[in-house]
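Me: I'd like to practise reading a model feature by feature. Could you walk me through one?

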Amino acid sequence: MSSSTVKTLTRPLRLLFHPHIGAPAVGESSPLINGQLAVVPTPAFQFYYAFSSSASTTIPSSVGGGTALAASSSPHSQDIQRGIWSKLLLFVPGAVTFGLGTWQIFRREEKIKMLDYRKGRLDLEPIKLTSTSSTENLDDLEFRRVVCRGSFDEKRSIFVGPRSRSISGVTNNGYYVITPLMPVPGDPGSVQSPVLVNRGWVPQSWRDDLLEASKMHEQPTNASPPASKVERTSWWRSWFRKPERDEEQASVTASVEVVGVVRGSEKPSIFVPANDSHSGQWFYIDVPAIVRSCSLPENTIYVENINANVNHSHPYPVPKDVNSLIRSSVMPQDHLNYTLTWYSLSAAVTFMAFKRIRPKKSRNRK
């Protein structure tokens, strides 16, 4: 075998393992660039360098627990997770509004049952309150009609309000007047224990006149005249006191019959001020507090007058309408309207969420 043939066959090996890879072997012409030996990369050198470069980058990452691979892939996974959560959050308003609509359905059913219960109680025969035995179970008497007879103690009347009332299309401010109904001595048909009666609504002018008259009525008893005028006024004071006694006795013994409904305390909203019994300001009906303020027994029941037989010569107080007891500020029809509103809103926001996450179609199709 000639030397030229051996050089030709061993040339690839010399190119791979020669210390100067890509340099011409001994005996070959060396290309010169700017008078220096040029190192020319061969295809074998390129393959070897690519393999060695990939091995040097992948092998340490596998040995070190894949930190380089995790570092390169973690930003991408975080972006995917953020995209999933952002898409799920788009459906939260639809779920919340759907829940509110379902809650209104349950509220409507509860309101229907409550109004039916009140109507059924009001349709029962009225109870005649003549003894304390009928007032033992006060919770069982609520929304029951009662008939009681006694005399009003006007001096212990309180006014709860202001409460507005529409009269001939005009809204007027007024108050509820609550007066204790006291037993009539010697009358077995009257109540045997006091009953707190909401006599009805009175305008503000009626309340102011009554308070002013009561103050003028109490003024002679609280203020003592000068000593120099005692002898001068003694001849007519005894004459003047007798009508007062007669009037006071007549007001105590005057018997009235009340047809009403047993009720409980009101539940004020957060915007209603607190009652102040010391100054006589009552903003809502608190039966236990009113009973204490009037110095009545703790088991005193509270009745709202619904007697429709009003004396036109004395139109005030105006009794409550019995139909108002089977009405509510939010009726079942209102709950149904709220349900439809919430469900419609839920459908709208859910549709918008689907529209947002739906992939956009390319408009420019080739």
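Reply: Let's go from the overall layout to single residues.

Me: What should I know before I start, and how many helices and strands are there?

Reply: This is a predicted model, where local features need pLDDT of at least 70 and side-chain atom pairs count only at pLDDT 80 or more, while totals for chains, interfaces and linings use all residues. Residues are numbered from 1 along each chain as its sequence is written, and side-chain values use heavy atoms, with hydrogens and water left out. Helices (H or I, at least four residues) and strands (E, at least two) are DSSP runs, numbered from the N terminus. The protein has eight helices and nine strands. Buried means under 20% relative accessible area, exposed over 50%, and partly exposed in between (1.4 Å probe, protein chains only). Of the 366 residues, 24% count as buried.

Me: Which residues touch the most other members of the largest nonpolar core?

Reply: The general idea is that in soluble globular proteins nonpolar side chains tend to be buried together. A nonpolar core here is a set of buried Ala, Val, Leu, Ile, Met, Phe, Trp, Tyr and Cys residues joined through side-chain atoms within 4.5 Å. In the largest one, with 17 residues, those touching the most other members are Ile158, Val160, Ile178, Leu196, Ile285 and Ile290. At least two core residues come from each of strand S5 (158-167), strand S6 (170-182), S7 and helix H7 (287-293). H7 gives the largest share, four residues. Apart from this core lies another, of 13 residues, including Phe152 and Val303.

Me: How many aromatic pairs turn up, and how do I read one?

Reply: You describe a pair of aromatic rings by the distance of the centres and the angle of the planes. Rings of Phe, Tyr and Trp (its six-membered ring) pair if their centres lie within 6.5 Å; planes under 30 degrees apart count as stacked, over 60 as edge-to-face and the rest as tilted. The whole structure holds three aromatic pairs. Take Trp201 and Tyr316: their ring centres are 6.2 Å apart and the planes stand at 65°, so this pair is edge-to-face. It links distant parts of the chain, 115 residues apart: Trp201 is in strand S7 (195-203), and Tyr316 is in the loop between strand S9 (302-305) and helix H8 (332-357). Trp201 is buried at 2% relative accessibility, while Tyr316, at 31%, is partly exposed.

Me: Where do charges sit over rings?

Reply: The test is NZ of Lys or CZ of Arg within 6 Å of the ring centre and within 35 degrees of the ring normal. The charged end of Arg199 sits over the ring of Phe152, 4.6 Å from its centre, and that of Arg207 sits over the Tyr175 ring, 4.3 Å from the centre.

Me: Which backbone oddities should I look up?

Reply: Most residues other than glycine have a negative phi, and most peptide bonds are trans. Here a cis peptide bond joins Gly161 and Pro162, with omega about 10°, and Pro162 is in strand S5. The bond from Tyr316 to Pro317 is cis too, with omega near 0°. For phi, Phe143 has a positive value of about 65° without being a glycine, and Ser295 has a positive phi near 60°.

Me: Are those two phi residues buried or exposed?

Reply: Phe143 is buried, with a relative accessible area of 6%, whereas Ser295 is exposed at 60%.
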